[in-house]
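Please walk through the model below with attention to its second pocket, one helix residue, its cysteines and its aromatic pairs.

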Amino acid sequence: MREIKRRQSSDKTDVCSVLSAKDFFKKLKKYFIPWLIAAMVLAAAVLGYSITINIINGQVSVLVNFSYDGIEAGMDPLGNKFDVNEIKSRTLIEKCLDDLGMSEADPEAIYNNIAISGLVPSDVIDRITSYTPVYDSDEIVSSKNIQDSTYYPTQYSIELDCRKAGLSRKDSVLFLNRLTEEYSNQFFENYGYNKSLENAVISIDYNDYDYVDAVSVFDSSLKSLKEYIDDLAKHDNIRFRSDQSGYTFADLSQSIETIRTEDLDMILSYIVYNNVTKDKENLIANYEFKIEELTRSKNIYKERLQSINDIISNYEKNSILIFGNATDGSNATLNQSSDTYDNMIDDKVRAETNLSTCEQNISLYENRIKSLKSGTQKSGVSELVEKDFEKLNNKIHTMLEAVNITATEYFEEVLFSNAYKILSPATESVFYVIKSSVKDSVNIILAIELILIAAYLVVSAAAVYIPYDNIIGNIKKHKKRKGGKRKNG
């Protein structure tokens, strides 16, 4: 009897499970359309709200890219630490507002609501997040591998919050595009052709100096300009020739050297030989003062050189004892290279060079003093020297113009051709607003859809199991009542 009851109970369970699963899928089908409508309505509501917010308030953004040697190490083109926040400098913001006729806008509010963030590629994120610290690893990790876990972005997103900045979306788009375009000019001013060096040469007024001093000032400026051109030539692997000026850097360097060795030397020799001066006594006093200064420097370099020599003579490099084979019993000693020792040798060479320069200049000024004191200036020579200076000054200005044109073209067309690019400008198009809104609301929509799916499954299951449990309960109650009546009967 018990076995029969077990079978009946098992059959009931199998039938109930089959009926429940069948009913469950029926309920899923029944509630699918309401769930789909609810999902679409809520998604549309979230998206519509996001679009409205983006139109009324929202943000506009620009994507820029940097590409030059050093940016991957977080450096600017000059080798200093790169600061991307220069894009939103207050000076640049004020200039752009003035250019666009938006002087009523608050530059400080705009500055505070521009966010600049670097974009890191997904493969770099994977590499960094999977990095195993040295102290957790059983392997020896080199310093190069440790440095590889650091990444400096080359692409940046620049976002402006329209509402907080106090600008309409249209004005925000105009301003942000102008700001990123204007930064391009500032980038070339900061890292392109060295305009300040040119200005230093142009600013020289030879009339402010005595003739011989004017030659020295011109020579010093031209020397600096030549060193700058030679440095550019070192990085020029294509032997760049300017289409506008027709010069290469080698041409410019040679031209500058010709002015120094031919024009300047000729004028200087004429001035010294004829004792041409605007004020002999003042010039002699100036030379005597320079001799005193050089003598002090000479003594300092002498002491410095003696000190370095003493240190070098007492310094011993690190040694390694190399054992020979067991038969001859001979050993060898190998001296290791030492950065400290090499640096001391470099210091010695510099001190010797500076000492020699001081001695040469002292001798030069002493000879000039003797010449000025013993000689007399011929009449009419000052006018000839001034004419020569005027010709020299015109020649230098022509040379500087060629240097400016050539270097600027080189920076813009070769060295920094792709150094700074605007990949995606700001826009106020409807498509962009919708795209941004979808991007902003996708996570919210997914969360809502997951909640709706869970509710959909719970409601479908409840629609099946709750009525079924009620029916089973009623049947049991009915059987109990029948059983009670039979007993009473």
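**A pocket, a helix residue and ring pairs**

In this predicted model, helix α9 supplies the largest share of the lining of the second largest pocket, namely four residues. That pocket holds about 430 Å³ of space, and the elements that each contribute two or more residues to its lining are α7 (169-191), α9 (211-235) and α13 (381-415). The lining consists of 17 residues, and those that lie nearest the centre of the pocket are P77, Y191, F411, L415 and F416. By character, the lining residues divide into 10 nonpolar, four polar and three charged.

Helix α13, one of the elements that line this pocket, is also where L400 is placed. L400 has a relative accessibility of 1%, and because buried means under 20%, this residue counts as buried. Leaving aside residues up to four places away in sequence, L400 touches Y193, E198, V201, I202 and L225. The C-alpha atoms of L400 and I256 are separated by 9.4 Å, although these two residues stand 144 residues apart along the chain.

The aromatic residues offer another way into the structure, in which a search of the whole model finds 26 aromatic pairs. One of them joins F66 and F82, whose ring centres are 5.0 Å apart and whose planes meet at 65 degrees, so the pair is edge-to-face. This pair links distant parts of the chain, since F66 belongs to strand β1 (residues 59-66) while F82 sits in the loop between β1 and α2 (90-99), 16 residues apart. F66 is buried at a relative accessible area of 2%, and F82 is likewise buried, with a value of 10%.

A further edge-to-face pair is formed by F187 and F416, with 5.6 Å from centre to centre and 65 degrees between the planes. Here too distant parts of the chain are linked, with F187 in helix α7 and F416 in the loop between α13 and β6 (420-424), 229 residues apart. Both F187 and F416 are buried, and F416 is also among the residues that lie nearest the centre of the second largest pocket.

What, finally, does the count of disulfides come to? The count comes to zero, under a rule that asks for a pair of cysteine sulfur atoms within 2.5 Å. Among the cysteines, C162 counts as buried because its relative accessibility is 1%, and C358 is buried with a relative accessible area of 6%.

Technical notes. Residues are numbered from 1 along each chain as its sequence is written. This is a predicted model: local features need pLDDT of at least 70, side-chain atom pairs count only at pLDDT 80 or more; totals for chains, interfaces and linings use all residues. Side-chain values use heavy atoms; hydrogens and water are left out. On a 1 Å grid over the protein atoms alone, a cavity is a set of points where a 1.4 Å probe fits but cannot get out, and a pocket is an open set with protein on both sides within 12 Å along at least five of seven lines; lining residues have an atom within 4 Å of a point. Grid points are joined across faces, edges and corners, and a volume is the space filled by probe spheres set on the points. Ala, Val, Leu, Ile, Met, Phe, Trp, Tyr, Cys and Pro count as nonpolar, Asp, Glu, Lys and Arg as charged, and the others, Gly among them, as polar. Buried means under 20% relative accessible area, exposed over 50%, partly exposed in between (1.4 Å probe, protein chains only). Contact means heavy atoms within 4.5 Å. Rings of Phe, Tyr and Trp (its six-membered ring) pair if their centres lie within 6.5 Å; planes under 30 degrees apart count as stacked, over 60 as edge-to-face and the rest as tilted.
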